Structures are given as C-alpha cells and as structure tokens.
Number of protein chains: 2
Amino acid sequence: MFMLDTRLQQDTVLIGDFPLCRVLLMNDANYPWFILVPRRADVSEVFHLSNADQAGLWAETTHLAEVLRDVFSADKINIATLGNVVGQLHMHVIARYREDMAWPAPVWGRHPAVPYTDAQIMAIRERLGSVMGSEFVFSEVRV
Amino acid sequence: MFMLDTRLQQDTVLIGDFPLCRVLLMNDANYPWFILVPRRADVSEVFHLSNADQAGLWAETTHLAEVLRDVFSADKINIATLGNVVGQLHMHVIARYREDMAWPAPVWGRHPAVPYTDAQIMAIRERLGSVMGSEFVFSEVRV
C-alpha cells in the first residue's frame, strides 16, 4: 500500500492527484517548487516502475513542467529525481527565475525554507485551478 | 541542425549515441556522471520536444539509469535536467554512492572536477561495452 514518506509529508502541502502521482507543493516560498510522488509502494528508482507507470510519471512530469512554466512565467524549469535523503521515489519540478535566490545553482541545500502563509497557498491553488487538466483532482483544503 | 553546446563539449568526453541522444561522460572522476543530449536543434525544455522525442528521451534516460546502477553498483541514481547555466536541453544521469564526496547533497557545484586519465576513460567504455543495448553506437576513440 502506498504511504507518503513522513519527511515529504512534513515539508510539503498537499495539492492533489494525477492518475499516477500525488502532487505536493514544497512549503518554501522561495521558489514555486512541486513534487510528484507515484502512488506505488516500495519504489525508489524510476526503473522499478512498470513500463506503463514509467510512461505515466514522465507524462505527468512533463505536463506539470509546462503548466508551471506558463502559470509562473518561469525562465527555466528544473526537473530532478534524486532520492539521496528521502528514499521514496519522487520527482521535483521547480519553476526557476534568473533573479531567484539560488540562481543559477540548483535549489537544494542553498537557503532555509520560508513557509507559505495560508493565503499564499490558496492563491497558488487558484492559479492552478483551471490549468492542471481534467485528470487532476484537487485535494480538499485542510484548514 | 544539432550542434553540441560548447560548454558541454569542453566539460565532457563523447561516448556515443542512442537513437535520440548523444551520450557524454562528464570529465569528473569524482562520480560516474553521464549526460544525455537529444540531437535536436533549439530545444531547452522537455516539453519543446515532439511527443515521440519526449518518449525517446525518457526511455533512453531510464535505460541508462538502470545500466549505470548495474555497471557501477550504485546506491542511488540521480536524474536531472536543470539547464540554468547551459541552455541546450540535457539530462544528467549520475551514479551515486553513500560514500561519494558530495553525498547526500546533489553533485552540482560541490567539488572541483577531477579529470579522468585516458586509461580510466577506456576502462569505462569497456565496462559499458556489452550493456548499452543494440541501439547504442559507440563513438570512435579520439587519441
């Protein structure tokens, strides 16, 4: 059974679900930084997924990358699956700007996270509201 | 027409070609660190590729990831496309070890590159010789 890694749960805000992946927002207002987690148990590498799930992960990753580029007017999208700290397979999709705090370096380990306010999270959900596609299901907002 | 970015050319050693991607070895003996570059002109984001090329990029990335895990007995494979410095779309596929110099951090910007010797590069080519699959074409060795 799929269970979200506790570290991912602590560091993120639940946004919703694609057919394969849970979509999380990293709770760090420094960057529009999202994480996709395939809802499969005991997977740490992309090649552990079935071929169908691999295709689903890449399709959802690419779709989210394009959505974020548009919605956040990003200069560049960073996509990465590292997993050196959190073993559960997860894919980072991050909107980057030439003037963001870490540019041009990768975001990991650069600056302390700045938690979002509830209003900021609601604003992000609203911006994503019409563009994630018909297969995406938003989570209920937890107050 | 596809032309390899000059920065990528300077920092890497040519290994060969998959049907879509050029395969480069980062000239840094700190990590088994490979780079895939789709042989397409003027592409900086994965969603700029045609759907067929997107599928090709992901298939070649996943295949290389599994090959590297096996050949280098890696603890973890890191996969990333960042492109904040080099605009040409390229995919990092890196074999990581719990005892490597940067672990558990990502490799970028951590330690100065340690160039390979010619003998080390030949040894890596030999290790890859039988496992890259029938669609992979090794480059000629430039002496």
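Reader: What joins E4(A) to strand E4 of chain B?

Author: Three bridges do, and the two strands, each covering residues 76–81 in the case of E4(B), run antiparallel. Two strands count as paired if DSSP finds at least two bridges between them, so E4(A) and E4(B) qualify. One of the bridge partners is easy to find: Ala80(A) is matched with Ala80(B) in E4(B). Before we go on, please keep in mind that this is a predicted model: local features need pLDDT of at least 70, side-chain atom pairs count only at pLDDT 80 or more, and totals for chains, interfaces and linings use all residues. Residues are numbered from 1 along each chain as its sequence is written, chains are lettered from A and ligands numbered from 1 in the order in which they are written, and side-chain values use heavy atoms, with hydrogens and water left out.

Reader: What makes up the open sheet, and in which order do its strands come?

Author: Twelve strands, in the order E6(A)-E1(A)-E2(A)-E3(A)-E5(A)-E4(A)-E4(B)-E5(B)-E3(B)-E2(B)-E1(B)-E6(B), with antiparallel pairing. Strand E6 (137–138) of chain A and strand E6 (137–138) of chain B are called edge strands, as each pairs on one side only. Strands here are DSSP runs of E with at least two residues, helices are runs of H or I with at least four, and both are numbered from the N terminus. Within chain A, four bridges join strand E3 (residues 33–38) to strand E5 (residues 91–96), again antiparallel. There, Leu36(A) has Met91(A) of E5(A) as its bridge partner.

Reader: How do you know how the two copies are related?

Author: Chain A is superposed on chain B by a rotation of 180 degrees with 0.0 Å of shift along its axis, at an RMSD of 0.0 Å. The fit is by least squares on the C-alpha atoms of residues with pLDDT of at least 70 in both copies. The two copies are therefore related as by a two-fold rotation axis. Ala80(A) has the C-alpha of chain A nearest that axis, 2.0 Å away.

Reader: Why can one say that the copies meet through the same surface?

Author: Because 100% of the interface residues of chain A are interface residues in chain B as well. Each chain gives 29 residues to the contact, where contact means heavy atoms within 4.5 Å. The chains bury about 2,600 Å² between them, 58% of it on carbon and sulfur atoms. That area is the accessible area (1.4 Å probe) lost on putting the two parts together, summed over both. On the chain A side, Phe47(A), Trp58(A) and Asn84(A) lose the most, together 26% of what that side buries.

Reader: What makes the pair of Glu45(B) and Lys76(A) a salt bridge?

Author: The rule asks for a side-chain nitrogen of Lys or Arg within 4 Å of a carboxyl oxygen of Asp or Glu. Lys76(A) and Glu45(B) come to 3.1 Å, N to O, so the pair meets the rule. Across the interface, two salt bridges are found.

Reader: What is unusual about the backbone at Trp103(A) and Pro104(A), and how do you know?

Author: The peptide bond from Trp103(A) to Pro104(A) has an omega near 0 degrees and is cis. Pro104(A) sits in the loop between E5 and helix H3 (118–128) of chain A. In chain B, the bond from Trp103(B) to Pro104(B) is cis, with omega near 0 degrees.

Reader: And what phi does Asp42(A) have?

Author: A positive one, about 60 degrees, although Asp42(A) is not a glycine. Look for Asp42(A) in the loop between E3 and H2 of chain A.
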